[in-house]
Amino acid sequence: MASGSNHDRFTSWCALPFGLLCWPLLGWGGLLAGSFGFLVGGLWLSPDLDTRSKPSRRWGPLAPLWAPYRKLVRHRGLLSHGPLLGSGLRLVYLGLLLLGFSLLLQPLGAPRPTALWQWGTSLWQQQQPLVLTALAGLEASAWLHLLQDGDPLPPPLRR
Ligand SMILES: [Zn+2]
């Protein structure tokens, strides 16, 4: 299993090459979306958010928001370190956090959940290839993480 520093180093090294893979298909936007998704996936939405780790500390004052996730998800389990499932669950969790903030901060004028939903669907409709590229970068960085951990297979299939 790799250390947090090794995960960060490999994520940083591989983000631009991943973006360059996207460049022939989508141009500069693809390069930026792919690299950005890869960096965010490796540094802020890492599979190791399931434990006290560099990615969880990177959230700064918002780090405690990931405590319920750590309670719910076993460290290096299928729900955090499973291909596709891990990234998907972290994105759903992040979406629920945004929804919660939106509801709690209504008195302060925060955007309503419906406005957030409209923004998301509008982004999806207008920039679908770039959104998919960013999501692919996010998932690719998770796969890099799993390979570094030495367990690219989901836990039920490990030896
Ligand atoms: Zn890990």
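## Helical architecture of a predicted chain

Arg76 is found in the loop that joins helix 3 (67–72) to helix 4 (78–81); helices (H or I, at least four residues) and strands (E, at least two) are DSSP runs, numbered from the N terminus. The model is a predicted one, in which local features require a pLDDT of at least 70 and side-chain atom pairs count only at pLDDT 80 or more, while totals for chains, interfaces and linings use all residues. Residue numbers start from 1 along each chain as its sequence is written.

### Overall form

The chain contains six helices and zero strands, and the order of its elements from the N terminus is α-α-α-α-α-α. Its radius of gyration is 16 Å, close to the 15 Å that the globule rule gives for 159 residues, so the chain is as compact as a globular protein of that length. That radius is taken over C-alpha atoms, and the rule is 2.2 Å times the number of residues to the power 0.38. Along the principal axes, the C-alpha atoms fill a box of roughly 50 × 40 × 30 Å.

Of the 159 residues, 26% count as buried (20 or more other C-beta atoms within 10 Å of the residue's own; exposed means 12 or fewer, partly exposed in between; C-beta atoms are placed from the backbone). Among contacts with a separation of 6 or more, 62% link residues 24 or more positions apart; a contact requires C-beta atoms, placed from the backbone, within 7 Å.

### Spans and kinks of three helices

The table sets the span between end C-alpha atoms beside the expected value, which is 1.5 Å times one less than the number of residues.

| Helix | Length | Span | Expected span |
|---|---|---|---|
| Helix 1 (4–43) | 40 residues | 10 Å | 58 Å |
| Helix 5 (85–104) | 20 residues | 28 Å | 28 Å |
| Helix 6 (113–149) | 37 residues | 37 Å | 54 Å |

The end C-alpha atoms of helix 1 are thus only 10 Å apart, short of what a straight helix of 40 residues would reach. Helix 1 has a kink of about 150 degrees, centred on Leu26 (the bend is the angle between axes fitted to the seven residues ending at a residue and the seven starting there). Helix 6 has a kink of about 105 degrees at Gln127, shortly before the proline Pro129. Helix 5, by contrast, reaches a span close to the expected one.

### Buried faces and the nonpolar core

In helix 5, the buried residues include Gly86, Ser87 and Arg90. They cover an arc of only 95 degrees around the axis and therefore lie on the same side of helix 5, the arc being that of the directions from the helix axis to the C-beta atoms. On the face of helix 5 turned away from its buried side are the exposed residues Val92, Leu96 and Leu103. The cover over the buried residues of helix 5 includes helix 1, helix 4 and helix 6.

The buried residues of helix 6 include Leu130, Thr133, Ala134, Gly137, Leu138 and Ala140. Helix 1 and helix 5 are among the elements that cover the buried residues of helix 6.

The largest nonpolar core has 16 residues, and Phe18 and Phe38 have the most contacts inside it. Helix 1 and helix 6 are the elements that give two or more residues to this core, and the largest share, seven residues, comes from helix 1. Such a core is a set of buried Ala, Val, Leu, Ile, Met, Phe, Trp, Tyr and Cys residues joined through C-beta atoms within 7 Å. Apart from its neighbours within four places in sequence, Phe38 is in contact with Thr11, Cys14, Ala15, Phe18, Gly137, Ala140 and Ser141.

### Backbone angles and individual residues

Arg76 has a positive phi of about 60 degrees although it is not a glycine. Arg76 counts as partly exposed because it has 17 C-beta neighbours inside 10 Å. Leu84, likewise not a glycine, has a positive phi near 65 degrees and lies in the loop between helix 4 and helix 5. With 11 C-beta neighbours inside 10 Å, Leu84 counts as exposed. Gly150, just after helix 6, takes a positive phi of about 85 degrees.

Phe101 belongs to helix 5 and is partly exposed, with 16 other C-beta atoms within 10 Å. The C-alpha atoms of Phe101 and Arg112 are 9.6 Å apart, at a sequence separation of 11 residues. Thr114 lies in helix 6 and is exposed, since 9 other C-beta atoms lie within 10 Å. Thr114 and Ala142 are 28 residues apart in sequence and 30 Å apart in space, C-alpha to C-alpha.

Technical notes: Two residues are in contact if their C-beta atoms, placed from the backbone, lie within 7 Å.
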